[in-house]
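Visitor: Hey, got a minute to walk me through this one? I'd like to start with the ligand site and then poke around the rest.
Guide: Sure, let me pull it up.

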Amino acid sequence: MSVGTVRCAAPHLASPIACGQRLASPAGRDACRTAPNGSFLLRGAQRKRLRADRPPAVERAPVAWSDGRVQDETGQPANAPWWRSAVIYQIYPRSFADSDGDGVGDLPGIRSRLPYLRELGVDAVWISPFYPSPMADAGYDVSDYRDIEPIFGTLADADAMLADAHELGIRVIIDLVPNHTSDEHEWFRAALAAAPGSPERARYIFRDGRGEHGEIPPNDWISNFGGPAWTRVTESNGSDRSGHDASTPRSARGGRPAPDQRGQWYLHLFDPKQPDLDWTNPEVVAEFESILRFWLDRGIDGFRIDVAHGLAKDPEMPDLEGNWATGGPAVEGHPHWDRDEVHDVYRGWRRVTDSYDGDRVFVGEVWVQKPEQLARYLRSDELHTAFNFTYLLASWDAKSLHNAIDDSIDALSAVGAPATWVLSNHDVVRHVTRYGGGAVGVRRARAAALLTLALPGGAYVYQGEELGLAEVTDLPPEVRQDPAFARYDPGLVRADGGGGLRDGCRVPIPWSGDAPPFGFGPGSGQPWLPQPADWAALTVERQQADPVSMLALYQAALELRRDRPELGDGTMAWIDTDGDVLAFRRDPGFVCVVNVGGEPVAAPDAVRDGALLLSSDPLLPDGRLPGTTSAWYAV
Ligand code: GLC
């Protein structure tokens, strides 16, 4: 399907709401043409004519936004910054596109695929970490925040990629990892070489152990990847009896240290190779503000903040005593998640971005239980946006989706922040699989795409979701690289690939051809994780040639989203519906209807005289929505 054409998935014109021409009539009468597969296509020019026919905007009181902007007459914030409405595509660099055939994606690979993203119609990309890293956690263990991991390229490659993206009108958000560094970061090496109580140690969270010989960890905190959150270092004033520096790996030193040489413990809420920084230390605060400036000066448009709710820890370091969950969304009052002190960090960072031009943005990875907790990060002098995991975690049923949407919007609008809607990312089981897998999962994912992209605010697309990729659940143990795999109890692994094993959502993207590597890299060299053979049917190349593919659906939805002023930031109003149907209006003239259930339903009266713009699957000849179908209407 070419850009500039929107597919109307209605099978024919039998119903007044089955196709867009009803609104356009008579001007749009020739707008609908039958595609080879029998679906209908509505040309861009005709759609623009439809827009001109829209009823006048509804009058309402201006809304003051946190950044001082007001709503315009269409209900959109006047001069709203781009990120309030943006669709942001997540690139996981190891798995997106490989330019040099080493089996791992890289920056020149990303650069070469920017035209694809432009055609897809996203506003920005968020690139998971690309910094130098021993890759103990796929780059979320950073050893130098001001350079590029050689496997991904160079700083010059990053600059070139950024320049090309901007040329194509795509903004670039990079990933910042402030909770922890790599244990190979120069600061941590220096900390290991220095004595307890030294300024070098004070950048991290070192504590003496409990027990007669300090052999018991300082508290009972658990790593997010399983096992204790503390690792004990070997030291005796910086060196052990062999004379080796304490930063020399134990394997290189040989032998076990005597008990009195075992020293302090350091905290790592994730892998032992990811020591947590001490954010009460002004040196840490200053260093990260300097890192922000390094990248802002290079022209990047924003930062995604890793584990944004984790930076502050209760200074008393109390035991959890089984009272607190360690993984999953943080509950209020937790000793190391979502603590009040973390907000000071973001106030400082906001002062930095506010001193730059061009609406630079922060998006927080804030895993909290309640939207009200999330909203605290989005007060006007803190972060701009955050991922909405409440929506991601909602199951495919009308009540749970309705509640997640309401709770999110209520909490975030209280602080003037736009909601963001996210279905998948590199840490969770892909939603095709979460929603049931197979044909059911794909159908629900199609319907979910139209729901997500119609909701007010911004949205995220995780690479491959636009191709309908499912979780790869049968990766053999020897290829898995998620650090959680080594530390997890195999009993926790779920059939859907979840339970802490994240490789299944990170399998490299199939671009073209009939066999792996599916154009991921040049030649026939295989990617770092094996791709399923049946992805031949899901390549970008195949889907670009198929007007009813998942890719075509995303492209059509994103084009409509750009064209229709109702979509993106603004407000929504629910339309009364029964049972398994969600329907809402975006003023002045747009309605989204989602049939979450399995049985056909009539579209609500609100769209009776409207025009179908797009549906996730063909409507029935009488205009009803079949089970698990979403539809967009101009009304
Ligand atoms: C975030 C990242 C995840 C990483 C963890 C530790 O949750 O999304 O991939 O493992 O932080 O940095």
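Visitor: Which domains give residues to the shell around the ligand?
Guide: Domain 2 (86–180 + 293–544) and domain 3 (181–276) both do, so the ligand lies between them. The domain bounds come from an automatic or database domain assignment.

Visitor: Before we go on, what am I looking at, and how are things counted?
Guide: This is a predicted model, where local features need pLDDT of at least 70 and side-chain atom pairs count only at pLDDT 80 or more, while totals for chains, interfaces and linings use all residues. Residues are numbered from 1 along each chain as its sequence is written, and side-chain values use heavy atoms, with hydrogens and water left out.

Visitor: OK, back to the ligand. How many residues surround the ligand, and which are the closest?
Guide: There are 14 around the ligand, and the closest are Asp-137, Asp-306, Glu-365, His-426 and Asp-427. A residue is near the ligand if one of its heavy atoms lies within 4 Å of it.

Visitor: What's the shell like by class?
Guide: It has 7 charged, 4 nonpolar and 3 polar residues. For the classes, Asp, Glu, Lys and Arg count as charged, Ala, Val, Leu, Ile, Met, Phe, Trp, Tyr, Cys and Pro as nonpolar, and the others, Gly among them, as polar.

Visitor: How far is an oxygen atom of the ligand from a polar side-chain atom of His-426?
Guide: That distance is 2.8 Å. For Asp-306, a side-chain N or O atom is 2.7 Å from a ligand oxygen, and for Arg-304 the value is 3.0 Å. A polar contact here is a pair of N or O atoms within 3.5 Å; within protein, one must be able to donate a hydrogen and the other to accept it, and residues adjacent in sequence count only if both atoms are side-chain atoms.

Visitor: And how much of the ligand's accessible area does the protein cover?
Guide: The protein covers 96% of the 300 Å² that the ligand has on its own. Areas come from the Shrake-Rupley method with a 1.4 Å probe, and for residues, only the protein chains shown count as cover.

Visitor: Switching topic: how many disulfides does the structure hold?
Guide: It holds 0, counting a disulfide as a pair of cysteine sulfur atoms within 2.5 Å.

Visitor: Is Cys-505 buried or exposed, and what about Cys-592?
Guide: Cys-505 is buried at a relative accessible area of 1%, and Cys-592 is buried at 0%. Buried means under 20% relative accessible area, exposed over 50%, and partly exposed in between (1.4 Å probe, protein chains only).

Visitor: Any odd backbone? Where are the cis peptide bonds?
Guide: One joins Pro-516 and Pro-517, with omega about 10 degrees. Another joins Asp-587 and Pro-588, also with omega about 10 degrees. Pro-517 sits in the loop between helix H15 (483–487) and helix H16 (540–544), and Pro-588 is in the loop between strand S16 (581–586) and strand S17 (590–595). Helices (H or I, at least four residues) and strands (E, at least two) are DSSP runs, numbered from the N terminus.

Visitor: What's the phi of Phe-518?
Guide: It's near 50 degrees, a positive value in a residue other than glycine. Phe-518 is in the loop between H15 and H16 and counts as buried at 0% relative accessibility.
Guide: Asp-338 also isn't a glycine, and its phi is positive at about 55 degrees. That residue belongs to the loop between strand S10 (302–305) and helix H9 (342–354), and with 6% relative accessibility it counts as buried.

Visitor: What about His-334, where is it found?
Guide: His-334 is in the loop between S10 and H9, and it is buried at 1% relative accessibility. A polar atom of its side chain lies 3.0 Å from the backbone nitrogen of His-336. His-334 and Asp-314 are 20 residues apart along the chain, with 8.4 Å between their C-alpha atoms.

Visitor: Last one: which side chain does Thr-181 make a polar contact with?
Guide: That of Tyr-204, at 2.8 Å. Thr-181 is in the loop between strand S6 (171–176) and helix H6 (186–193), and it is buried with a relative accessible area of 1%.
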